[in-house]
Amino acid sequence: MTTDVIDLTQQIQARDGVAVVIYTKNDCRQCDWSKKLLDKAGIHYTAVNVEEDATAYHYVTEVLGLRQMPVLIASTPTGDEKWSGFQPTKIKEHITERADGEAAG
């Protein structure tokens, strides 16, 4: 396992200037629903399709140990929050309606 795989999310966040990365796959309704919630809230994020990016697939499945898409990773003042599947409550709590108010900025 290489360092660039372990640090994939942090590299994407630094490259794109985002706090949210969403790992998706083709024809995934839960992925589309999650992106719609982020779009509706005006959140800038990077979407990475694991079916089109072998490094991202390896990172999500082997490093994070997750198989259900989407996988969302949000940087917060207390560290990264990550989860899989369509979870609107977590999107609100950790991204769109965060108590520190930095997510929507």
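**Strand β3, its partners and a disulfide**

Threonine 76 sits across from glycine 79, a residue of strand β4. That pair is a handy way into this predicted model, and the strands around it come next.

Strand β4 covers residues 79-84, and it lines up with β3 in the antiparallel sense, with 6 bridges between the two. Getting from β3 to β4 takes just a hairpin of 2 residues. On its own, β3 spans residues 71-76 and is mostly covered, with 5 of its 6 residues counted as buried.

Strand β3 also pairs with strand β1, which is made up of residues 20-24. Here again the strands run antiparallel, this time joined by 4 bridges. Within this pairing, valine 20 stands opposite alanine 74 of β3. So β3 has β1 as a partner through 4 bridges and β4 as a partner through 6 bridges. As for side chains, in a regular strand they alternate between the two faces of the sheet.

Then there is the matter of disulfides. Searching the whole structure turns up 1 of them. It links cysteine 28 and cysteine 31, whose sulfur atoms lie 2.3 Å apart. A bond of this kind is a covalent one between the sulfur atoms of two cysteines. The torsion about the S-S bond of cysteine 28 and cysteine 31 comes out at about 75 degrees, so this disulfide is right-handed.

Both ends of the bond are tucked away from the surface: cysteine 28 is buried, at a relative accessible area of 7%, and cysteine 31 is buried too, at 1%. Each value falls under the 20% cut-off for a buried residue.

Methods:
Residues numbered from 1 in each chain as written. Predicted model: local features only at pLDDT ≥ 70, side-chain atom pairs only at ≥ 80, totals over all residues. Heavy atoms only, no water. Buried < 20%, exposed > 50% of the residue type's maximum accessible area, 1.4 Å probe, protein only. Pairing = 2+ DSSP bridges. Disulfide = S-S within 2.5 Å.
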